[in-house]
Amino acid sequence: MTDYIEDPYFESEYDEIFNNWFEIEGKRKIKELSRQLRTFFNYKTEVIRYRYQPSQILAEKDINTTFYSQKQEIETLTRDFIIKLRSFKKNGLSLEQGIHSLLYNNCRTRLKGLSEIAEKLSMLIHNFSELNLHNHPRFLKFIVVLVQNILIVKKCLNARFSGFYEELEINYNGLERELATLLENTPSVKIKIPKKQLEERLTS
């Protein structure tokens, strides 16, 4: 039996490698996960504000150029995202099955493209969470549905943090149901066709 001899030089080198990794990747990932949580709580707050605001303020009355420019950008990116999602769901596969199939076959180019657009949307969605989206309840619901699809992608592409993304997806699912109930009881809020079509394409 060979005795194990501790090598202080090896341990020192290992510690240095780990510390360097944590400085770069560890902190970056912690920051990203923290932002994901903050985004969710911001949207949860907007749903609460919509539920309890004294009078329903329609989106048409809220003129905000920053909001509408960002809204246009996110809808454009979402159309590209939907095209990519549908390409992964061919042959009767679910989105998760399609992504896992490409991971198994090491199709890096397509996976990288999907990951990049998901990250761009994540940043835009985070920026939106800082705005008064309770004044735009239909768009708020659309965002919540969109986030769930992004989280499925992140869950599949980040195996180490899949549990985190899965739990977050469940929370957004609950938020979607809550919003759906609120909107059913608010018939004065009109559904805009283009937005409805985007949401339907995400869930189909």
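## An aromatic cluster

Phe40, Phe41 and Tyr172 come together as one aromatic cluster. Keep in mind that this is a predicted model.

## How the rings pair up

A pair of aromatic rings is described by two things, the distance of the centres and the angle of the planes. Going by ring centres within 6.5 Å, the count here is five aromatic pairs. Take Phe40 and Phe41 from the cluster: their ring centres are 5.5 Å apart and the planes meet at 65°, so this pair is edge-to-face, the label for angles over 60 degrees.

What about solvent? Phe40 has just 9% relative accessibility, so it goes down as buried, the cut-off being under 20%. Its partner Phe41 has a relative accessible area of 49%, which makes Phe41 partly exposed, since exposed would need over 50%.

## A tilted pair in helix H5

Now for Phe139 and Phe142. Their ring centres are 5.5 Å apart with the planes at 40°, so this pair counts as tilted. Both residues belong to helix H5, which covers residues 137-157, and because they are three residues apart there, about one helical turn separates them.

Are these two rings buried or exposed? Phe139 is buried at 1% relative accessibility, and Phe142 is buried too, with a relative accessible area of 0%.

## A charge over a ring

One more ring has a charged partner. Arg110 places its charged end over the ring of Phe88, at 4.9 Å from the ring centre.

Terms used:
Residues numbered from 1 in each chain as written. Predicted model: local features only at pLDDT ≥ 70, side-chain atom pairs only at ≥ 80, totals over all residues. Heavy atoms only, no water. Phe/Tyr/Trp six-rings, centres within 6.5 Å; stacked < 30°, edge-to-face > 60°. Buried < 20%, exposed > 50% of the residue type's maximum accessible area, 1.4 Å probe, protein only. Helix = DSSP H or I, 4+ residues; strand = E, 2+ residues; numbered from the N terminus. Lys NZ or Arg CZ within 6 Å of the ring centre and 35° of its normal.
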